[in-house]
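Welcome, and thanks for taking a look at this one with us. Please keep the sequence and the 3D view open as you read.

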Amino acid sequence: MTQQQLKPARIDWLTIMLYIVFVIGGLLCIYASVYKETNPYIYDMNMNYGKQLLWIVISAFIAMLILLVDEKLFYAFAYGFYGLTIILLLATFVIGTEIKGSSSWIRVGSFQIQPAEFAKFGVALALAKYLSGYNIDFKNWKVKAISFLIILLPMAIILLQNETGSALVFASFAIVLYREGLPGWLLVIGVLLIVLTIVALLLKPLYIIISLIVIASAFLFLVRRTQLLIFLTFGIVLFSSAYVSSIDYIFENVMQAHQRTRINVLLGKEVDLKGAGYNVQQSLIAIGSGGAFGKGYLEGTQNKFRFVPEQSTDFIFCTIGEEFGFLGSFIFITLYIVLLWRLTIMAERQRSKFNRIYGYSLVAILFFHFLINIGMTLGLMPVIGIPLPFISYGGSALLSFTILLFIFIRLDANRVNELKNFE
Amino acid sequence: MESQIKQRILIGVFIFIAFIYVIRLLMLQIFDDSYIRYAQNNVLQEQTIYPARGLLMDRTNDLLVYNDNIYDLFVTPEQVKNLDTNSFCDVIGITKDEFIARFERIKRQKGYAIYRPSIFEKQLTIKTYAKFQEMLFDFQGFYVDVRTDRKYKYSNAAHIMGYIGEVTEKMIENSDGYYRLGDFIGISGVERTYEKELGGIKGVRYVLVDSKSRSQGRYKSGEFDTAAVAGKKINLTIDQKLQEFGETLMKNKIGSVVAIEPNTGEILSMISSPTYDPNLFVGRERGNHYMELLQDPTKPLFNRPIAAPYPPGSIFKVIMSLIGQQEKVLFPTTAYGCGGGFNYGGLHVGCHPHGSPLPLQSAIMVSCNAYFCHVYRTVVNNPKYRKVEDAYNKLYEHLASFGMGRKLGVDLYSEGTGFVPKATYYDKIYGRNRWQALTTISLGIGQGELGITPLQMANATALIANRGYFITPHIVKKIEGKKNPNPEYNIKHWCTVDTSYFPVVINGMEDVVNHGTAYIAKIPGIAICGKTGTAQNPHGKDHSIFFAFAPKDNPKIAIAVVVENAGFGATWAAPIASLMIEEYLTKKHNTRPALVERMINGNLIRKSIINDSATIKTSKN
Ligand SMILES: [Zn+2]
């Protein structure tokens, strides 16, 4: 490398402002969700918000540290971080503490750490480093295979820990791969297959096949028919019908009764008043009762009186919905989209491939959490327990999202000095 | 170029998802207001405040019915933790199997929720409650709710006071939602007629609760709460001491006593025998006791004084004496001969030996059958009327004015009408215009189809005591905070017989007690006017009947006594009436200990049981 004049780092303050707004807002929401008039001290270490406050302080410290270190460090130790998170994940099988039926926690004093949260940025770094390497062409099937492996390894371990939600987050890396050359139609087919699976579980296969034939006929009637198009349409209908039928067969004949019940509850076909169904119902009640302008801060009865389960973690959006109403929810969603937009633009402006891939990983993870978490509280997504980044209570999540974000801010700050030196 | 498209697609997807979520939020928060209601249902708990039920007292302010705490055990299944089932079952007094069965039953109940309290055991005994309170902390998830139930100071007047019980589904429907499952309501007696006054008005308290149903304080500091209004205190017209004494005398007998204060219509005592202890209808054995009483062949639940009709027998002769005079077919001087009975055109009605011929007053004293058959004949065959039917209708009208054959309007549930045949009744049997006085002659001496309830008998006695009017008999004297609660009980109902015809009849009744058939009822110093009756009973031994009022001038008490299957009126009914009159007027009942003894020890119930069901069957008419 040749010595050159370094330009001063330019930190993206907009992103940092949004981060601060989210974290402080999140703390206030956690405070509201467990608020008791008899115990109003926000620094009470026995309460969630007290602990969260401590985690915010720790996160701020780490964030500053990240902004101060040499950004080449992340490139250099990318595989090291990745290896470390894999070891930590495996360690939970040995020294893990079981919390709420999942053995994915490691206890440190009175705090618990969830390695699964940190595995995300391990993968983000490793994937970025691997794909930005010399002679790496994503069109190559071997490169594709290794990329998938990098993602699937921690995902598999987390699945074994019974943390389905955290494992599913790794699916978001598909967005990164798409940006790096994975054909769009593959992604579309993947999404369509998921939709088809859900529809197959919800409706009788016969209805689906009839509707498919009607849609196909209408489509062929409306467009200019070519032989290829007719064959293609027929093929799709035939394949979909077979797929739907086999899903139905597996569901009815291969699966056990308790598995069927779980899926039914997940899809909302069965209402389990103690489990997921109850959670969603209470979540909808809390948000729906917020009205246009909300009940006011600390006035939300549904949150305050514990009707919403997991109200400070997975269902934190209920507090926003109930106490700040439609207006508050709309502002929150808008700010979140602004952040995603900003980060996408930042990712695109990177000169280095490593930075860009890392940036897209961040965007993909944040988007996936947003999609599932808000969708779940609104009853539009199955109940998968993953936190709302920066808002939900939880030290591991906050710390890992902070690290994830600030590494990128650090990388972005120095982009002007980046030659395409890593390529 | 391609990367720019991909970037735009991605941002497009983000905005698209955000758009869908915003639309969903619009639907939930702006366009659908049902969630606001759901949220209120979650946190708002409507707690009912039960008012204390009104107290019942007798005419002398002696407390009869008050309220007592009862303890219901509730369970909130979700909060049950570390329960030592064995010691719990021990305290409550159930087996482990039953414990499990209870939970199963609770789970099947309508409106069951794991986080909501359900009733586990109704009405714990005070002992169980005390033991439970001691161990409260060991039994997390269980708590006791205190309600009030009735408590009766005396074991008397069960039929008058009636009882309360849990409302039925139908009552809830009819109450426009005022009553809720588990509420108490008056089922019979005064508890039923005066439910509105006694029941008070329930209050409501709105409380905020959390998801575990734990109270989180008042809703809007009690702005929508309403206070409970306690039930009103009610004074009954009965005299507890008289009632108690009368019930003792009627022990082991089937029958009725009704005593009325003539100038007010107030019922001083009303006895239905056999009776039961009103405290049986309190507590958790309520249902079992009810079934036992229902199956008892002596029908203790049947309110005889107001519902059971009896042929009045000879006491009807007094009524006929009044009506005959009013119809101008009978005069105090009218005398009929009696040669051992009434003989007219081949018809014979027997009579016992006595002097003959006799004028009216003496005929009443000796209760001559022949005399009153003649009176009846002259009334029904009165040439003043064109037809027998018209004359009979006139008789019916007179009887109705005495309160016979119709409901009087007493303030108690299940009053019967009794039975006085109409002309059409005989038309049906004999054909129109094909019957006359002789065909129905037994009516003249109070036999045959006639059915008069003890209340109607006592009312007729009061009417005679008043020389021509009665005030509808009633059981409630005073309602707290209400002046003149029942104005209809101030009205004098004048009968169709003029006052001037009464003295001769009353003199005859005085003779009955002084030297006639009811000599046993005589009390030195008190002028009692009465008449015995012996109602023929086709099913067994005759019913013993007596009615009387005293003192002769300015009467204070009118009484009717019926003892079923007891034979002559003089044997049982007259002594009981006499003792009760003495008790009421002099507050003494120890002047004739031998008589009291004989009455108390007289057990007539076994003989009656066999015939009882038949008697009650006729009462349904
Ligand atoms: Zn005679």
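Here is a short briefing, grouped by topic.

This is a predicted model. Chain B has 621 residues, and 56% of them are buried. The notes begin with that chain as a whole, then turn to backbone details, one helix, one arginine and the aromatic rings.

**Chain B as a whole**

- The secondary structure of chain B consists of 22 helices and 20 strands.
- If you take the contacts in chain B between residues at least 6 apart in sequence, 72% of them join residues at least 24 apart.
- The exposed area of chain B is about 27,400 Å², and carbon and sulfur atoms account for 54% of that area.

**Cis peptide bonds**

- B:Ser273 and B:Pro274 are joined by a cis peptide bond, with omega about 0°. To find B:Pro274, look in the loop between strand S12 (266-273) and helix H11 (286-295) of chain B.
- A cis peptide bond also runs from B:Ala550 to B:Pro551, where omega is near -15°. B:Pro551 belongs to the loop between strand S19 (543-550) and strand S20 (557-563) of chain B.

**Positive phi outside glycine**

- B:Lys328 is not a glycine, yet its phi is positive, about 60°. This lysine lies in the loop between helix H13 (315-326) and strand S13 (341-344) of chain B.
- Is B:Lys328 buried or partly exposed? Its relative accessible area is 49%, so B:Lys328 counts as partly exposed.
- B:Ser367, another residue other than glycine, has a positive phi near 60°. You will find B:Ser367 in the loop between helix H14 (360-366) and helix H15 (369-380) of chain B.
- B:Ser367 is buried, because its relative accessibility is 7% and the cut-off for buried is under 20%.

**Helix H20 of chain B**

- Helix H20 of chain B covers residues 573-586, which makes 14 residues. At 1.5 Å a residue the helix should span 20 Å, and its end C-alpha atoms are indeed 20 Å apart, so the two values agree.
- How many of the 14 residues of H20(B) are buried? The count is 12, so this helix is largely enclosed by the rest of the structure.
- The buried residues of H20(B) include B:Pro575, B:Ser578, B:Met580, B:Glu582, B:Glu583 and B:Tyr584.
- After H20(B) comes B:Lys587, which has a positive phi near 60°.

**A buried arginine**

- B:Arg304 is part of helix H12 (residues 304-307) of chain B.
- With a relative accessibility of 0%, B:Arg304 counts as buried.
- What does the side chain of B:Arg304 reach? The partner is the backbone oxygen of B:Lys299, at 3.2 Å.

**Aromatic pairs**

- Over all chains, the structure holds 45 aromatic pairs.
- One of them is formed by A:Phe326 and A:Phe330: the ring centres are 6.0 Å apart and the planes meet at 25°, so this pair is stacked.
- A:Phe326 and A:Phe330 sit 4 residues apart in helix H15 (residues 317-348) of chain A, and are therefore separated by about one helical turn. An α-helix has 3.6 residues a turn, so residues three or four places apart point the same way.
- A:Phe326 is buried, at 16% relative accessibility, whereas A:Phe330 is partly exposed, with a relative accessible area of 38%.
- B:Phe120 and B:Phe142 make an edge-to-face pair, because their ring centres are 5.6 Å apart and their planes stand at 90°.
- That pair links distant parts of the chain: B:Phe120 is in strand S4 (residues 118-124) of chain B and B:Phe142 in strand S5 (residues 142-152), 22 residues apart. B:Phe120 and B:Phe142 are both buried.

**An aromatic cluster, and charges over rings**

- One aromatic cluster includes A:Tyr19, A:Phe22, A:Phe317, A:Phe332 and A:Tyr336 from chain A, together with B:Tyr21 from chain B.
- The charged end of B:Lys6 is placed over the ring of A:Tyr178, at 4.5 Å from the ring centre.
- B:Arg37 has its charged end over the ring of B:Tyr38, 6.0 Å from the centre of that ring.

Methods. Residues are numbered from 1 along each chain as its sequence is written. Chains are lettered from A and ligands numbered from 1 in the order in which they are written. This is a predicted model: local features need pLDDT of at least 70, side-chain atom pairs count only at pLDDT 80 or more; totals for chains, interfaces and linings use all residues. Side-chain values use heavy atoms; hydrogens and water are left out. Helices (H or I, at least four residues) and strands (E, at least two) are DSSP runs, numbered from the N terminus. Buried means under 20% relative accessible area, exposed over 50%, partly exposed in between (1.4 Å probe, protein chains only). Contact means heavy atoms within 4.5 Å. Accessible areas come from the Shrake-Rupley method with a 1.4 Å probe; for residues, only the protein chains shown count as cover. The expected span of a helix is 1.5 Å times one less than its number of residues. A polar contact is a pair of N or O atoms within 3.5 Å; within protein, one must be able to donate a hydrogen and the other to accept it, and residues adjacent in sequence count only if both atoms are side-chain atoms. Rings of Phe, Tyr and Trp (its six-membered ring) pair if their centres lie within 6.5 Å; planes under 30 degrees apart count as stacked, over 60 as edge-to-face and the rest as tilted. A charge sits over a ring if NZ of Lys or CZ of Arg is within 6 Å of the ring centre and within 35 degrees of the ring normal.
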